[in-house]
Amino acid sequence: MEQHQIDKIKADLKEELQETIEEEVQEEIAENQVVLSKFKGVFIAILAIIMALGQYSEAVSLIRDGISTLQSEFTHDIEYEILSKIHVGNTIDYVESLLGSAQVSKSINKEVNANYFYDDKYLLTLFSKDARVTAFTILPLESDFHPEVIQTSQHKWLLGTANFASFPANPQTYVINHAKTASYYLESLDKGRTGLFVQSYLGKVSYTVESESSQIAEFYQKEVHGTDEEILKLQEQLRQTEVPNFYGEGELGLELIEKSILTGAEFNSYFGQL
């Protein structure tokens, strides 16, 4: 191949790569422009060397991997897309083809296991029975990670952006706990006929003192020592003001979902950080 042809290919590649990157992450990387510019310069130089050696297929593969890396670094689009593919009834083999193997697994009862898939951005817990997903829950680990968990004819509902009361389903039962190991309020919700025997789980889960909710602490005290009127009043107040950071769907009772909540010590032991 003539040198001018190689130079033309490299120039075309550089232009295409820049356009693709900017289209994919333009809005999300306004605060990271310097870092991105440096990355593109190094990335393009590497590609030019690879192409000069005649390894065109490797260069194309590297472009794709580079774009995916940038999307994951500066946006949550890839993670949102993966989570959108998780449903009750999936096989464990299918889920592992998307996520790889679970890092941790523990028995919830004689028939159901909880499998924990840790990502820097979220913790996904899959409940399985006979190699089938019977329930799943999502706990975001970054403050700006807001997966779409339900879509109605009127609007999309993003986890971590609205209060409990705004969720388009009716609460049925709840569990609450406030201890040194973990603090949480969880509820199961009936989605009516659209649920097809699958209920939703919504909750507020805190592992550190800094993230604890004073309302959950007060509600827990009233749950133990208060009257029915005081409990109902505090629950209504909590649902109107607190923003959930925990969502799930499944065929299991809330008591089994509660058993999957890790203590702070367990989280650190399994995944190394909170």
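**Figure 1. Lining of the largest pocket in the predicted model.** Strand 9 contributes the most to this lining, with 3 residues. The pocket encloses about 440 Å³ of space. Its lining comprises 22 residues. Nearest the centre lie Leu-139, Pro-140, Leu-141, Glu-142 and Asn-245. Two elements give two or more residues to the lining: strand 4 and strand 9 (199-206). By residue class, the lining splits into 12 nonpolar, 8 polar and 2 charged.

**Figure 2. Lining of the second largest pocket.** The volume here is about 360 Å³. The lining consists of 17 residues. His-87, Glu-148, Val-149, Ile-150 and Glu-249 sit nearest the centre. Helix 4, strand 4, strand 5 (148-151) and strand 10 are the elements that each give two or more residues to this lining. Strand 5 gives the most, with 4 residues. The lining divides into 10 nonpolar, 4 polar and 3 charged residues.

**Figure 3. The salt bridge between Lys-121 and Glu-79.** The closest N and O atoms of the pair are 3.3 Å apart. Lys-121 belongs to the loop between strand 2 (113-119) and strand 3 (122-129), and Glu-79 to helix 4 (residues 77-83), so the bridge ties together parts that are 42 residues apart in sequence. Both partners, Lys-121 and Glu-79, are buried. The model holds 7 salt bridges, counted by the N-to-O cut-off of 4 Å.

**Figure 4. The salt bridge between Glu-251 and Arg-132.** Here the N-to-O distance is 2.8 Å. Glu-251 lies in the loop between strand 10 (246-250) and helix 8 (254-259), and Arg-132 in strand 4 (residues 132-140), so the pair joins parts that are 119 residues apart in sequence. Glu-251 counts as partly exposed because its relative accessibility is 37%, inside the band that runs from 20% to 50%. Arg-132 also counts as partly exposed, at 33% relative accessibility.

**Figure 5. The salt bridge between Glu-81 and Lys-85.** The side chains meet at 3.8 Å, N to O. That value falls within the 4 Å limit for a salt bridge. Glu-81 has a relative accessible area of 46%, so this residue is partly exposed. Lys-85 is partly exposed as well, at 34% relative accessibility.

**Figure 6. Arg-239 and the residues it touches.** Arg-239 is found in helix 7 (residues 228-241). Is this arginine buried or exposed? Arg-239 counts as buried, because its relative accessibility is 12% and the limit for buried is under 20%. Leaving aside residues up to four places away in sequence, Arg-239 touches Asn-163, Phe-164, Ala-165, Pro-171, Tyr-185, Glu-187 and Leu-189. Two of these contacts, Phe-164 and Tyr-185, form an aromatic pair, shown in the next view.

**Figure 7. The aromatic pair of Phe-164 and Tyr-185.** A search of the whole structure finds 13 aromatic pairs. Phe-164 and Tyr-185 form one that is edge-to-face. The ring centres are 5.5 Å apart, with 75° between the planes. Phe-164 lies in the loop between strand 6 (156-158) and strand 7 (170-178), while Tyr-185 lies in strand 8 (residues 183-190). The pair thus links distant parts of the chain, 21 residues apart. Phe-164 and Tyr-185 are both buried.

**Figure 8. The aromatic pair of Tyr-174 and Tyr-185.** How is this pair arranged: stacked, edge-to-face or tilted? The pair is tilted, with 35° between the planes. Centre to centre, the rings are 5.8 Å apart. Tyr-174 lies in strand 7 and Tyr-185 in strand 8, so the pair ties together parts that are 11 residues apart in sequence. At 24% relative accessibility, Tyr-174 is partly exposed. Tyr-185 is buried, with a relative accessible area of 0%.

**Figure 9. A cluster of aromatic rings.** Ring pairs join Tyr-118, Tyr-207, Phe-267, Tyr-270 and Phe-271 into a cluster.

Key. Residues numbered from 1 in each chain as written. Predicted model: local features only at pLDDT ≥ 70, side-chain atom pairs only at ≥ 80, totals over all residues. Heavy atoms only, no water. Buried < 20%, exposed > 50% of the residue type's maximum accessible area, 1.4 Å probe, protein only. 1 Å grid on protein atoms, 1.4 Å probe; cavity = no way out; pocket = protein on both sides within 12 Å on 5 of 7 lines; lining within 4 Å. Points joined across faces, edges and corners; volume = space filled by probe spheres on them. Nonpolar A, V, L, I, M, F, W, Y, C, P; charged D, E, K, R; others polar. Contact = heavy atoms within 4.5 Å. Phe/Tyr/Trp six-rings, centres within 6.5 Å; stacked < 30°, edge-to-face > 60°.
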